[in-house]
Amino acid sequence: MRLRDLAILFLLAALWGGSFLFIRIAAPELGAFPLALGRVSLAAPLLLAWMKWQRTRVDLRPYAGRLLILGALNAAIPFSLIGAAELHVTASLAAMLNATVPLWALVFSVIWLGERVNLKRGIGLLLGVVGVAVLVGWSPVEMNRITVLSIVAILIACASYGLNGVFTRMKLGGVPAPALALGQQLGAMVWLTLPAAWQFGSIHATRPAVYSVIALGVLCTAIAYPLYFHLIAAVGPMKTTTVTYLLPMFGSAWGAIFLGETVTRGMMVGMGIVLSSVILVNEVKVGALVRRVVRA
């Protein structure tokens, strides 16, 4: 991987990790549904403008129904659930729990794609459960009914992300990546419009909240996706997926730096266990992976 592409990889992780910070700032003022709708409504026209600038033509009509499902699984459901959860838990904890997405992806791959689970992967899945328990148990967040429900909501959001990967592989294989990105935002808008309208009366649009929505739509979506597509084209999908391992680090760092959130040693241990489980589940050869990533 060239130094330029390595820098883009870290920038992508920083942008997607920052989404948890912006959600934490905006969700209490705007509500989960208006926040999610604002994000995708900003991202869609910007992605369309980027595609026109790149002279990329896409026809969404043949995939309209499937893109509607994609918009639910990869945007409307997780964006809303994480927004609701971050009313009660820290951005750092939400970012760390997001590391479970590859574990969910394996579970759904076993169910629908016939993926095989060997001993190493089985140990990895069990280790992932332990890691989540450690991460939650040693977090500074007070454990009560609302907190537990918020953590469950984040895990459901992660499951939705994981299911999305399987759905895309089964039903949208071969569809151009720009069509998936734009169709996802438009599909999410369809799902989010009515729930967001229900919450419009309680919106308190402070300046930080508005800036956070803009950051989510522009930085974390409209800019992040072209970077993602560039990496897939430049270094391949396997190397691009290493962003998964960097995202929780950036998400927790932004929460600590800008919101003063506490990241305990126990949380770091829990995140380490989760990431170790992800490595086992994906049968990653760490030494070879590092050599591939840093090789010029």
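Trainee: Which backbone oxygen does the side chain of Thr100 reach, and at what distance?

Mentor: The side chain of Thr100 comes to 2.8 Å from the backbone oxygen of Leu97, and you should keep in mind as we go on that this is a predicted model. To place the residue, note that Thr100 sits in the loop between helix H4, residues 91-97, and helix H5.

Trainee: Is Thr100 buried or exposed, and which residues does Thr100 touch beyond those up to four places away in sequence?

Mentor: Buried means under 20% relative accessible area; Thr100 has 3%, and therefore counts as buried. Leaving aside residues up to four places away in sequence, Thr100 touches Val132, Leu155, Cys158 and Val274.

Trainee: Cys158 is among those contacts, which brings me to the cysteines. How many disulfides does the structure hold?

Mentor: A disulfide is a covalent bond between the sulfur atoms of two cysteines. The structure holds 0 disulfides. Cys158 is in no disulfide, and the nearest cysteine sulfur, which belongs to Cys220, is 16 Å away. Cys220 is likewise in no disulfide, with the sulfur of Cys158 as its nearest cysteine sulfur. A pair of sulfur atoms would have to lie within 2.5 Å to count, so a separation of 16 Å does not qualify.

Trainee: Are these two cysteines buried or exposed?

Mentor: Cys158 has a relative accessible area of 0% and is therefore buried, while Cys220, at 1%, is counted as buried too.

Trainee: How should I read a contact between residues that are distant in sequence, and what does Phe250 touch?

Mentor: Start by setting aside the neighbours in sequence, and then look at what remains. Phe250, which belongs to helix H11 (residues 243-259), touches Phe10, Ala13, Ala14 and Gly17 once residues up to four places away are left out. Ala14 makes a good example, since it is 236 residues away from Phe250 along the chain, and yet the C-alpha atoms of the two are separated by 5.5 Å. Phe250 has a relative accessibility of 16%, so it counts as buried.

Trainee: Let me turn to charged side chains. How many salt bridges does the structure hold, and which residues form them?

Mentor: There are 2 salt bridges. In one of them the side chains of Asp59 and Arg61 meet, at 3.0 Å from N to O; in another, the side chains of Glu115 and Arg121 meet, with an N to O distance of 3.0 Å.

Trainee: How exposed are the partners in each pair?

Mentor: It helps to take the pairs one after the other. Asp59 is partly exposed because its relative accessible area is 35%, whereas Arg61 reaches 70% and so counts as exposed. Glu115, at 28%, is counted as partly exposed, but Arg121, at 11%, falls among the buried residues.

Trainee: Finally, which residues make the nonpolar surface patch, and which helix gives the largest share?

Mentor: The patch covers about 510 Å² and is made by Val107, Val110, Ile111, Trp112, Val117 and Met170. Helix H5, which spans residues 101-112, contributes the largest share, with 4 residues. Ile111 is found in that helix, and because exposed means over 50%, its relative accessibility of 54% makes Ile111 an exposed residue.

Trainee: So I should set Ile111, exposed at 54%, beside Thr100, buried at 3%.

Mentor: Yes, and you can find Ile111 in helix H5, with Thr100 in the loop between helix H4 and H5.

Methods
Residues numbered from 1 in each chain as written. Predicted model: local features only at pLDDT ≥ 70, side-chain atom pairs only at ≥ 80, totals over all residues. Heavy atoms only, no water. Helix = DSSP H or I, 4+ residues; strand = E, 2+ residues; numbered from the N terminus. Buried < 20%, exposed > 50% of the residue type's maximum accessible area, 1.4 Å probe, protein only. Contact = heavy atoms within 4.5 Å. Patch = residues over 30% accessible without salt bridge, like charges linked within 9 Å, V, L, I, M, F, W, Y side chains within 5 Å. Areas by Shrake-Rupley, 256 points an atom, 1.4 Å probe, with all protein chains shown as cover. Salt bridge = Lys/Arg side-chain N within 4 Å of Asp/Glu carboxyl O. Polar contact = N/O pair within 3.5 Å; in protein donor to acceptor, adjacent residues only side chain to side chain.
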